[in-house]
Amino acid sequence: MIRSSADGHAVVVGAGLAGLLSAQVLARRFARVTLVERDRLPQSGPAFRPGVPQSRHVHLLWSRGLDLIESQLPGITDDLLAGGARLLRAPTDLHWPSPVDWFGPMPGTTLLAGSRELIEWTVRQQVLREKRIEPRTGTEAIGLLAAPGDAGVRGIGVRPRGTPNDDRAEQLTADFVLDASGRTWRHYERLRRWPDGFVVLGDASCRFNPVYGHGMTVAALAAHSLAQETEGRDHHGIRRAARRIQRRTAASASTALGIALGGDLRSPDTEGPQPGRFATVLQRYMPHLLAGANKDPVLSHALFDVLSLNATPSTLFAPSTVIRVLGKWRLPTAPATEPYPPNGHSARAQP
Ligand SMILES: Cc1cc2nc3c(=O)[nH]c(=O)nc-3n(C[C@H](O)[C@H](O)[C@H](O)COP(=O)(O)OP(=O)(O)OC[C@H]3O[C@@H](n4cnc5c(N)ncnc54)[C@H](O)[C@@H]3O)c2cc1C
């Protein structure tokens, strides 16, 4: 049996967005939260670091993600805007493709555009004000520690980053371990039984085609679910509830996953199992909905509510929405000419 202090110790692996938001949630329930990060974190302002290579790309944060982060860290929107981020209306302020043309100035939702470095830096400044969170940077997690007697996870092994072997490895025992180490090639879904005391979330749990810009919003949704599931439990209860917490946090990715898969399955080059009957119907319906949304403000609103993860895709099948889509069924759903012919020249440049 694991012995722990009265208030418990949690370890979070990865100080990306998912790790930071989760550490702040766990600090409400554990006396100590160790945030293990293999990078040295920038000290003087937003800056690139190798552990988050995707930060070279501008990041968009959907309104749902921003609202959740604002409710978790009040004042963060003002801090982000003061740091140079911008609030944009989608689709009005962006070149947003519809099946035939760019979207016009239709009603939709709000997006925050900023560098990934700025967003993470601003969140980190607030999160690390919490004294219960102890960052251990330049420290790499190298594996999970198993509790005796098949009793789940009891901590992690760590070593200073850059040490070629495990000579300087140490054990960090904990009542609860949360893996937020980002995109790795680990397949936790293959575990036959979920261990006590362990949860994985953020990109480490599920990652999406980045073209939909959902990763940070899903991380915020998962942290929100973590807060709800840990509410009212002590550290023993949280440890025992790991499987339930995992299910709940994983479910927060389902809408984003459905959108990404639905989009990818429309391409004939997509590999993998063929979609079921519902997905096939969805594939026929979506181009008509997208074409209609570029003409009908109500459809545009409904579409962007789903894209921003404020609503579930099922809302696109509400009878009133279906009737509107059917009313626009004759609108073209593909451009009259192929915009990108196979030889790479534009259609107009052909002799
Ligand atoms: C090209 C691209 C563009 C994207 N654009 C958008 C966008 O516009 N909008 C959006 O919402 N999302 C976008 N995303 C996704 C988004 O970046 C992530 O979903 C989001 O940052 C949450 O990531 P995370 O915290 O789970 O992981 P990360 O941000 O990757 O953080 C993981 C952290 O774990 C650390 N780490 C890894 N292994 C270890 C270890 N063994 N020990 C200790 N620390 C470790 C890493 O150094 C890193 O700090 C994009 C992704 C890509 C690839």
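**Chain and ligand, term by term**

Mentor: The accessible surface of the chain is about 18700 Å² (Shrake-Rupley method, 1.4 Å probe; for residues, only the protein chains shown count as cover), and carbon and sulfur atoms hold 53% of that surface. This is a predicted model: local features need pLDDT of at least 70 and side-chain atom pairs pLDDT 80 or more, while totals for chains, interfaces and linings use all residues. Residues are numbered from 1 along each chain as its sequence is written, and side-chain values use heavy atoms, leaving out hydrogens and water.

Trainee: How do you know that the radius of gyration agrees with a compact globule?

Mentor: The rule is 2.2 Å times the number of residues to the power 0.38, with the radius taken over C-alpha atoms. For 351 residues a compact globule would come near 20 Å, and the chain has 23 Å, so the two agree.

Trainee: What makes E37 count as near the ligand?

Mentor: Near means that one of a residue's heavy atoms lies within 4 Å of the molecule. 31 residues surround the ligand, and E37 is among the closest, along with R49, R116, D203 and M216.

Trainee: Why is the pair between the ligand and H59 called a polar contact?

Mentor: The term covers a pair of N or O atoms within 3.5 Å; within protein, one must be able to donate a hydrogen and the other to accept it, and residues adjacent in sequence count only if both atoms are side-chain atoms. A ligand oxygen is 2.9 Å from an N or O atom in the H59 side chain, so the pair qualifies. Taken alone the ligand exposes 1000 Å², and the protein buries 93% of that.
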